[in-house]
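Student: I would like to learn how to read a chain from its overall fold down to a single residue. Could we go through one together, step by step?

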Amino acid sequence: QVQLVESGGGLVQPGGSLRLSCAASASIRRINAMDWYRQAPGKQREFVASISSIGITTYTTYADSVKGRFTISRDIAENTVYLQMNSLKPEDTAVYYCRATDAYGRNYWGQGTQVTVSS
């Protein structure tokens, strides 16, 4: 069982930045992948970014809508994954969720953190 706690959301003006954090209760060395998803009001949850490792190689992927603006990273010692969000737009407004996938393919979700981009 892995528990995830997101933080770092808030209200920011268009063009601004936020950094989200996702703290895991288990060592992220034992987690195959960690992802960020988001869900805007009235819309389905959508993929934002992912970070995973095969051997010593780390892989990151991004949704087209956030490429060049968002960066996913992790601190293995702190069991934490981050999402640095720059050049935020109103359409980035959503609840952002962290997801972890373990070696058995089981998914775990955090409770979400609200990001609002508005002037």
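**Reading the fold, then one residue**

Tutor: D75 stands opposite T80 in β8, and we can use that pair as our way in, keeping in mind that this is a predicted model.

Student: Which strands pair here, and in what sense?

Tutor: To read a pairing, one looks at the direction of the two strands and at the number of bridges between them. In this case β7 and strand β8, which covers residues 80-85, pair in the antiparallel sense over six bridges.

Student: In what order do the strands of the open sheet lie?

Tutor: The order in a sheet is read from neighbour to neighbour. Here four strands make up an open sheet, arranged β1-β3-β8-β7, with antiparallel pairing. The edges are formed by β1 (4-7) and β7 (70-75), each of which pairs on one side only, and from one strand to the next the twist averages 15 degrees.

Student: How many helices and how many strands does the chain have?

Tutor: The count for the chain is zero helices and eleven strands, so that, read from the N terminus, the elements run β-β-β-β-β-β-β-β-β-β-β. The radius of gyration is 14 Å, close to the 14 Å that the globule rule gives for 119 residues, and the chain is therefore as compact as a globular protein of that length. Along the principal axes, its C-alpha trace spans about 40 × 25 × 25 Å.

Student: What share of the residues is buried, and what do the contacts and the surface add?

Tutor: These are totals for the chain, to be read side by side. Of the 119 residues, 42% count as buried. Among contacts with a separation of 6 or more, 51% come from residues 24 or more positions apart. The chain exposes about 6,500 Å², of which carbon and sulfur atoms supply 46%.

Student: Now for a single residue: is V81 buried or exposed?

Tutor: For one residue, the relative accessible area is set against a cut-off, and buried means under 20%. V81 has a relative accessible area of 1% and is therefore buried; this residue is found in strand β8.

Student: Which residues does V81 touch, leaving out those up to four places away in sequence?

Tutor: With those left out, V81 touches L20, S21, C22, M34, W36, I51, I72, S73 and R74. L20 is worth a second look, as it lies 61 residues from V81 along the chain while the C-alpha atoms of the two are separated by 8.3 Å.

Terms used
Residues numbered from 1 in each chain as written. Predicted model: local features only at pLDDT ≥ 70, side-chain atom pairs only at ≥ 80, totals over all residues. Heavy atoms only, no water. Pairing = 2+ DSSP bridges. Axes fitted to C-alpha atoms, helices over the stretch in contact; angles between N-to-C directions. Rg over C-alpha atoms; globule rule 2.2 N^0.38 Å. Buried < 20%, exposed > 50% of the residue type's maximum accessible area, 1.4 Å probe, protein only. Contact = heavy atoms within 4.5 Å. Areas by Shrake-Rupley, 256 points an atom, 1.4 Å probe, with all protein chains shown as cover.
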